[in-house]
Amino acid sequence: MSHQQDRSRPSGSSTALSEAYDTALLDLDGVVYAGGEAIGHAVESLTVARAGGMHLAYVTNNALRTPDAVAEHLTELGVPAEPSDVITSAQAVARLVADQLPPGARVLAIGGEGLRVALRERGLVPVESADDDPAAVAQGYGGPDMAWGRFAEASYAIRRGLPWFASNTDLTIPGARGIAPGNGAAVEVVRIATGAEPQVAGKPLPPMHRETVLRTGAKRPIVVGDRLDTDIEGAFNGGVDSLLVLTGVTDAAQLLAAPPQHRPTYVDRDLRGLLTGQPEVTPAGDAYRCGGWTAAVRGDGLVLEGEGEALDGLRALCAAAWSFAGSGVCGLETGKALAGLGL
Ligand SMILES: [Mg+2]
């Protein structure tokens with residue numbers, strides 16, 4: 001059961017998160033791997049969590065690769081996974097399409113193999129041209145080799161009045177050499193050309209969470225992610241607890257500035273956080289304490305005093321910032337308080 005999280009500070013847990021929750025719904029990029037390589041401590045932490053009985057599922061907005069390919073990659077990295085442990089936004093969008101079209105309907109597939117396989121799995125027939133008599137358009141990330149003509153194909157079909165579906169709208173995708181345009185950028189191209197609006201499946205939207213729960217059967221899941229506007233907001237929308245790890249795109253300053261739907265239940269440095277309890281953050285007058293640290297709002301900035309684990313300092317700062325911000329966004333100066341933590 002997810003508890004009603006107090007959105008004004010990170011929660012504590014007296015038991016290891018791997019014991020408090022039955023299933024970890026893990027994001028991949030920035031959590032388990034980055035640029036194809038495993039992130040530090042990910043392999044050992046997942047191995048220990050799994051040996052202790054936690055079910056691990058991998059939930060990705062990337063629609064390019066099939067679950068088979070993702071599971072093979074994870075297994076190569078040292079995290080044994082079955083294709084059934086992988087849930088992609090391609091699967092979520094395929095279900096969304098299948099819910100609205102008759103079985104056997106043709107769908108113009110603008111994307112990679114992951115999208116085509118997912119459409120077939122739902123009894124739909126992927127086609128390649130707007131002239132192949134499709135009943136809908138489905139668009140997913142096609143990778144660096146996707147030809148510009150694919151967007152033209154989508155535009156022709158959508159302008160003829162066909163419904164348009166998108167696997168996800170992440171504007172960027174991180175890679176080994178930097179940040180590249182993601183499926184959201186590709187969706188914008190088609191949107192500009194057509195003036196149409198797609199139905200979107202991926203995180204943080206409900207179709208993706210529904211797909212994940214359907215496929216994992218999780219009773220007490222925890223979402224583990226690196227991105228506030230997909231992973232953490234998706235958990236918020238699904239009423240599920242979440243752990244933010246700082247190994248991906250989110251830094252401490254962004255976390256302090258998060259509005260309520262972007263505030264995780266817990267925050268930790270990396271996946272080792274699954275194996276430990278989480279310290280309580282306690283109010284102390286108008287300040288907040290965690291471990292050896294005390295954080296408070298003074299003037300137009302956050303101040304932090306004490307010593308100890310840097311993450312405890314960040315947790316105390318989260319409580320001070322989020323309490324101050326209430327249901328809004330904390331506009332306080334945070335740089336000085338964070339400087340001493342070395343995060
Ligand atoms: Mg990520």
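Trainee: How many salt bridges does the structure hold?
Mentor: The structure holds 16 salt bridges. This is a predicted model, in which local features need pLDDT of at least 70 and side-chain atom pairs count only at pLDDT 80 or more, whereas totals for chains, interfaces and linings use all residues. Residues are numbered from 1 along each chain as its sequence is written, and side-chain values use heavy atoms, with hydrogens and water left out.

Trainee: Why is the pairing of Arg191 and Glu197 called a salt bridge?
Mentor: The term requires a side-chain nitrogen of Lys or Arg within 4 Å of a carboxyl oxygen of Asp or Glu. The N to O value for Arg191 and Glu197 is 2.4 Å, and the pair therefore qualifies.

Trainee: What makes Arg191 and Glu197 buried, partly exposed or exposed?
Mentor: Buried means under 20% relative accessible area, exposed means over 50%, and partly exposed lies in between (1.4 Å probe, protein chains only). Arg191 has 22% and is therefore partly exposed, whereas Glu197 has 57% and is therefore exposed.

Trainee: Which residue forms a salt bridge with Asp27?
Mentor: Lys203 does, with the closest N and O atoms 3.0 Å apart. Lys203 lies in the loop between β12 (199–200) and α8, and Asp27 in the loop between β1 (23–26) and β2 (33–34), 176 residues apart, so the pair links distant parts of the chain. Helices (H or I, at least four residues) and strands (E, at least two) are DSSP runs, numbered from the N terminus. Both Lys203 and Asp27 are buried.

Trainee: What makes the salt bridge of Asp231 and Lys203 a tie between parts of the chain?
Mentor: The two side chains meet at 2.8 Å, N to O. Asp231 belongs to helix α9 and Lys203 to the loop between β12 and α8, so parts 28 residues apart in sequence are tied together. Asp231 and Lys203 are both buried.

Trainee: How do you know which residues are donors of the magnesium ion?
Mentor: Donors are N, O and S atoms within 2.8 Å of the metal (3.2 Å for Na, K and Ca); water is not among the atoms, so sites may look incomplete. Asp27 (OD), Asp29 (O) and Asp226 (OD) lie 2.0 to 2.2 Å from the ion, and they therefore count as its protein donors. Their spacing in sequence is D-x1-D-x196-D. Asp27 is buried because its relative accessible area is 9%, and Asp29 is partly exposed because its value is 21%.

Trainee: Why is the space lined by Leu25, Val59 and Lys203, among others, called a cavity?
Mentor: On a 1 Å grid over the protein atoms alone, a cavity is a set of points where a 1.4 Å probe fits but cannot get out, and a lining residue has an atom within 4 Å of a point. The search finds one cavity of 30 Å³ or more, and about 110 Å³ lies in the largest cavity. Grid points are joined across faces, edges and corners, and the volume is the space filled by probe spheres set on the points. Helices α8 (206–216) and α9 (228–238) each supply at least two lining residues.

Trainee: Why is His209, one of the lining residues, called buried?
Mentor: His209 has a relative accessible area of 17% and is therefore buried. His209 is in helix α8. Apart from neighbours within four places in sequence, His209 is in contact (heavy atoms within 4.5 Å) with Gly238 and Val240.

Notes
On a 1 Å grid over the protein atoms alone, a cavity is a set of points where a 1.4 Å probe fits but cannot get out, and a pocket is an open set with protein on both sides within 12 Å along at least five of seven lines; lining residues have an atom within 4 Å of a point.
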